[in-house]
Amino acid sequence: MGGSAENPFPVRAVAIRVAGWIDKLGTVWVEGQLTQINPRNDSKTVFMVLRDPAADMSLTVTCPRDLVLSAPVKLTEGTQVVVCGKPTFYTGRGSFSLRLSEIRAVGVGELLARIERLRRLLDAEGLFDPRLKRPLPFLPSTIGLITGRASAAEHDVTTVAAQRWPAVRFAIRNTAVQGANAVAQIVEALRELDGDPEVDVIVIARGGGSVEDLLPFSDETLCRAISACTTPVVSAVGHEPDNPLCDLVADLRAATPTDAAKRVVPDTVAELALVGELRQRSAQALRNWVAREHRTLAQLRSRPVLADPLRAITQRGEEVARARAAVRRDVNRLVAAESDRVGHLAARLATLGPAATLARGYAVVQTVDRGAILRTTAEAPAGARLRIRVSDGALGATSTGPTDGAA
């Protein structure tokens, strides 16, 4: 039965026989790289894929959830492990898998530990200090690009950058991006581009890969070479989850090579739109300023002092004329009043003066010797020479002495 088309095996018979043959293999130790880790919340079994890093081959593996949780290292995609498992053929689905009973970290686990120790060392030395990060030029004339020959990373960076700024130029250095010679070639290219005065920024680009593939970009020599550069360096290694040490040392970390191109050169369309917007805003601001100043000038011109500049002088001239007339009137009034007062005083003086008294018949008698006015008879004894002043002149006389009538 099963040896000819006339007597074929049923599916179940073949499945059972294959399962029996595989079951006889016993346990086996296998080394590989874990990918597609798929823990199910509703299942105690974890499904994973164990990939061969050197060939495009893989195995489906399963293991209990507790085995994953108690693994010596955190199991993530890309973890290199050695596992012990028993080949199993599931007759119901006709699928083959490796049922794991033990998981050991190997190779990458130790490498990751060394990378972590190096990270702490470089961090302690200050190579990750944000204050040391150099700013990127706004519009670099020449971009230094270190990448693999004819790689997707090179195509992504050059194509996207040219689309964003067609005038951009590149100084490309193709090097190994994995393997034993990668670090030496990348460091040499880095020093060459850093010494070129026309290169304004350097981009180190590589596509995604396993932890082992990206190990050169966590090398201490490369990290220190990046830190020693005077030209800004952009690290675009792997994809978003990848984080080699060169990302921390570089002046800027790009998630992907495409992201690096977008960060290094500006977008022509966006910049032209911004320039247009700024021109419109500046023109509007200038128009607003002119309108505001025009209103201010109109307000100033409408003020009386500018509308009729001579008005203030005319008003002050009229005030001066009125003041002069008032002063002249007050002076004339004062002069007239004082003239009248002087006339009255003169009349009173004339009335009360000696001349008026003499005119009324009185006389003034003086002694010739002393020139004193006689006030008593005793001052003019007999024989005293006298001078008698009347209204129209003076007379000389000699005193005969006092008379009886005087007594």
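1. Overall dimensions. A compact globule of 407 residues would have a radius of gyration near 22 Å, yet the protein chain has 64 Å. This is a predicted model, so please read every value below as computed from it. The C-alpha trace spans about 215 × 55 × 50 Å along its principal axes. One pair of residues illustrates the scale: Ala 236 and Asp 392 sit 142 Å apart in space, C-alpha to C-alpha. In sequence, 156 residues separate Ala 236 from Asp 392.

2. Secondary structure and contacts. The protein chain holds 12 helices and 13 strands. Take the contacts between residues at least 6 apart in sequence: 59% of them join residues at least 24 apart.

3. Burial and surface. How much of the chain is buried? Of its 407 residues, 30% count as buried. The exposed area of the protein chain is about 25600 Å². Carbon and sulfur atoms supply 56% of that area.

4. Charge. The side chains include 51 positive and 45 negative ones. The centres of these two sets lie 12 Å apart. Side chains of opposite charge can pair when their charged atoms come close. Here the count comes to 14 salt bridges. Points 5 to 7 take up some of them.

5. Salt bridge in helix 6. Glu 220 pairs with Arg 224, and their closest N and O atoms are 3.0 Å apart. Both residues belong to helix 6 (residues 220-228). They are 4 residues apart, about one turn of the helix. How accessible are the two partners? Glu 220 is partly exposed, at a relative accessible area of 32%. Arg 224 is also partly exposed, at 31%.

6. Salt bridge between Arg 253 and Asp 247. The closest N and O atoms of this pair are 2.9 Å apart. Is Asp 247 buried or exposed? Asp 247 counts as buried, with 5% relative accessibility. Its partner Arg 253 counts as partly exposed, at 26% relative accessibility. The cut-off for buried is under 20% relative accessible area, so Arg 253 does not qualify.

7. Salt bridge in helix 8, and a network. Asp 259 forms a salt bridge with Arg 263, with 2.9 Å between the closest N and O atoms. The two residues lie in helix 8 (residues 257-264). Their spacing is 4 residues, about one turn of the helix. Arg 263 counts as partly exposed at 44% relative accessibility. Elsewhere, Glu 116, Arg 119 and Arg 120 are joined into one network by salt bridges that share partners.

8. Ala 236. This residue lies in strand 9 (residues 233-237). Ala 236 is buried, with a relative accessible area of 0%. Which residues does Ala 236 touch, leaving aside those up to four places away in sequence? The list runs Val 203, Ile 204, Ala 205, Arg 206, Ala 254, Thr 256, Pro 257 and Ala 260. Of these contacts, Pro 257 and Ala 260 fall within helix 8 (residues 257-264).

9. Thr 147. Strand 6 (residues 142-147) contains Thr 147. Thr 147 is buried too, with a relative accessible area of 1%. Not counting residues up to four places away in sequence, Thr 147 touches Ala 153, Glu 154, Arg 173, Asn 174, Thr 175, Val 177 and Ala 205. Ala 205 is thus touched by Thr 147 and is one of the residues touched by Ala 236.

10. Backbone points to check. Most residues other than glycine have a negative phi. Which value does Gln 36 take? Its phi is near 50°, a positive value. Gln 36 lies in strand 1 (residues 28-39). At 52% relative accessibility, Gln 36 counts as exposed. Ala 150 also has a positive phi, near 55°. Ala 150 is found in the loop between strand 6 and helix 4 (152-164). Ala 150 counts as exposed, at 73% relative accessibility.

Definitions and conventions:
Residues numbered from 1 in each chain as written. Predicted model: local features only at pLDDT ≥ 70, side-chain atom pairs only at ≥ 80, totals over all residues. Heavy atoms only, no water. Rg over C-alpha atoms; globule rule 2.2 N^0.38 Å. Buried < 20%, exposed > 50% of the residue type's maximum accessible area, 1.4 Å probe, protein only. Contact = heavy atoms within 4.5 Å. Areas by Shrake-Rupley, 256 points an atom, 1.4 Å probe, with all protein chains shown as cover. Lys, Arg positive; Asp, Glu negative; His and termini not counted. Charge placed at Lys NZ, Arg CZ, Asp CG, Glu CD. Salt bridge = Lys/Arg side-chain N within 4 Å of Asp/Glu carboxyl O.
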